[in-house]
Amino acid sequence: MTPHPHGPAAAHGPDAAHGPGHAHAHGGGTTGTEPDWEALAEHLEREAELNVPFLEEAAAWLHDLTGSREVTRVLDLGSGPGVSTTALAHAFPGAETVAVDSAPGLLERARARAAREGLASRITTRSAELPDGVADLGTAELIWTSNVVHHLGDQRAALETFAGALRPGGVLAVRERGLPTRYLPRDIGLGRPGLQARLDAAEEDWFTAMRAELPGHTRTVEDWPALLVAAGLTPTGSRTFLTDHQAPLDPVARAHVRGRLERFRTGLADTLDADDLATLDTLLDDTLPEGVLRRPDVFFLTATTVHTAVRT
């Protein structure tokens, strides 16, 4: 499979999840089913940085999970701008950590981040399309992939390919889904209460349509532990991590929330009713006290689930 040139292999690591409010806005440089990941680089990096506490906690958990086994090589499949790559490199100081992506601009950001954090000697980058490019990457004791599998038409086959790159005793960690991000109260004093619940419903419909358009799309029950078993692995546990930035948000986080809402406004314009579109327009008006850049009740809260399995 050779998808959009900035497609699944650039599917954003731990940073952006699925949907118009995240990295997939149809108005944000999208061609076909896949966004222009290069154009979304700043958004991807900013969202990943908001998730750094989760990434560090997840990396420490994976370190504990690998136990006494020596980890000499880590693959970050769909690394995006490399925020997850550096978290993994810090957790596994004896390993070569490889950022794998198809977008050159994102790999350049990963190299720059590695240099800033003093990790340039231990982090390398590889350009590859997923899943086919995995065969050329070599093997590793740990493979991390975040919000990538749902960009691939046959999710079960993709996991089998990823599992095939594990060394005996190696661990595959798959970040997929969790709970929808929340950043506003149910009743924000504008329009009908429950705006985010309606955005979630519209986003789920968008997500289903997006997957149906992927090359080789195969409908799969998204029971991730069961899919890992089908890939020939033995599950070693799933864990959900909380990211909680409380109100009032700092300017960087506020700007990120505004970007998400702007992508919702563009990507779901044909789905939402006039009242919700008007509410989004008010939230996006930077001159109004009700806008997200000025109102005091904006927060950022999400729960992210990581599923793990070992090659026995």
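**A note on strand S1 and its sheet**

1. Let's start inside strand S1. Arg73, Leu75 and Leu77 point one way from S1, while Val74 and Asp76 point the other way, and all of them are buried. Please keep in mind as you look that this is a predicted model.

2. Why is S1 described as largely enclosed by the rest of the structure? The strand spans residues 73-77, and 5 of its 5 residues are buried, so the rest of the structure largely encloses it. Buried here means under 20% relative accessible area.

3. Now look at the neighbours of S1. Strands of a sheet pair through backbone hydrogen bonds, either parallel or antiparallel. S1 pairs with strand S2 (residues 96-101) in the parallel sense, over 5 bridges. To find one of these contacts, go to aspartate 76, whose bridge partner in S2 is alanine 99.

4. What do S1 and S2 make with helix H3? Together with H3 (residues 83-91), the two strands make a right-handed β-α-β unit.

5. S1 also runs parallel to strand S4 (residues 140-146), and 4 bridges join them. Here valine 74 has leucine 142 of S4 as its bridge partner.

6. Following the sheet onward, S4 runs parallel to strand S5 (residues 166-182), joined by 6 bridges. Serine 146, for example, has arginine 175 in S5 as its bridge partner.

7. Finally, step back to the whole sheet. It is open and formed by 7 strands in the order S3-S2-S1-S4-S5-S7-S6, with mixed pairing. Strands S3 (123-127) and S6 (234-245) are the edge strands, each pairing on one side only. From one strand to the next, the twist averages 20°.

Conventions:
Residues numbered from 1 in each chain as written. Predicted model: local features only at pLDDT ≥ 70, side-chain atom pairs only at ≥ 80, totals over all residues. Heavy atoms only, no water. Buried < 20%, exposed > 50% of the residue type's maximum accessible area, 1.4 Å probe, protein only. Pairing = 2+ DSSP bridges. Right-handed = clockwise from strand over helix to strand, strands pointing away. Axes fitted to C-alpha atoms, helices over the stretch in contact; angles between N-to-C directions.
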